[in-house]
Amino acid sequence: MLQTKFSIEEIQARFIGNYKGYGFKDKSSMLRAAIDHFKKKMELESLRKSADLYSEIYSKDDDLKELTETAVTGWPE
């Protein structure tokens, strides 16, 4: 596992210092979990933005709507 050095605010250090109260075995595992959670949140936000963009493009493109309708014709509901 890699190690790194970083600076945090005093209030953040107190929060991390209470790692046992949050069910973590040590400060590092708490920080790794927080980073993983934040990464997933950022990825989900990116996916939502992408979906919104595709939806916007689809809503303005009649040819694409027609192509989609043709492709789903005959598929069970």
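A salt bridge is a side-chain nitrogen of Lys or Arg within 4 Å of a carboxyl oxygen of Asp or Glu. With that in mind, let's look at some close-up views of this predicted model.

**View 1. K39 and E43 pair up in a salt bridge.** The structure holds two salt bridges, and one of them joins K39 to E43. Here the closest N and O atoms are 2.8 Å apart. How many residues apart are K39 and E43 in helix α2? They are four residues apart, so about one helical turn separates them.

**View 2. Helix α2 meets helix α3.** Helix α2 covers residues 27-60, while helix α3 covers residues 62-72. Their axes come within 5 Å and cross at roughly 95°. Angles of 65 to 115 degrees count as roughly perpendicular, and α2 and α3 are therefore roughly perpendicular to each other. Look for Y58, S59 and K60 on the α2 side of the contact, and for D62, L64, K65 and T68 on the α3 side. Sorted by class, this contact has three charged residues, two polar ones and two nonpolar ones.

**View 3. Five residues, L53, I57, Y58, L64 and L67, make a nonpolar surface patch.** The area of this patch is about 430 Å². Which helix gives the most to the nonpolar patch? That is α2, with three residues. Both α2 and α3 take part, each supplying at least two residues.

**View 4. A closer look at L64 and Y58, residues to find in both of the previous views.** L64 is found in helix α3. In the contact between the helices, L64 is one of the α3 residues and Y58 is one of the α2 residues. On the surface, L64 and Y58 are also among the residues that make the nonpolar patch.

Key
Residues are numbered from 1 along each chain as its sequence is written. This is a predicted model: local features need pLDDT of at least 70, side-chain atom pairs count only at pLDDT 80 or more; totals for chains, interfaces and linings use all residues. Side-chain values use heavy atoms; hydrogens and water are left out. Axes are lines fitted to C-alpha atoms, for helices over the stretch in contact, and angles run from 0 to 180 degrees between N-to-C directions. Angles under 35 degrees count as roughly parallel, over 145 as roughly antiparallel, 65 to 115 as roughly perpendicular and the rest as oblique. Contact means heavy atoms within 4.5 Å. Ala, Val, Leu, Ile, Met, Phe, Trp, Tyr, Cys and Pro count as nonpolar, Asp, Glu, Lys and Arg as charged, and the others, Gly among them, as polar. Patches are made of residues with over 30% relative accessible area and no salt bridge: like charges are joined within 9 Å, nonpolar side chains (Val, Leu, Ile, Met, Phe, Trp, Tyr) within 5 Å. Accessible areas come from the Shrake-Rupley method with a 1.4 Å probe; for residues, only the protein chains shown count as cover.
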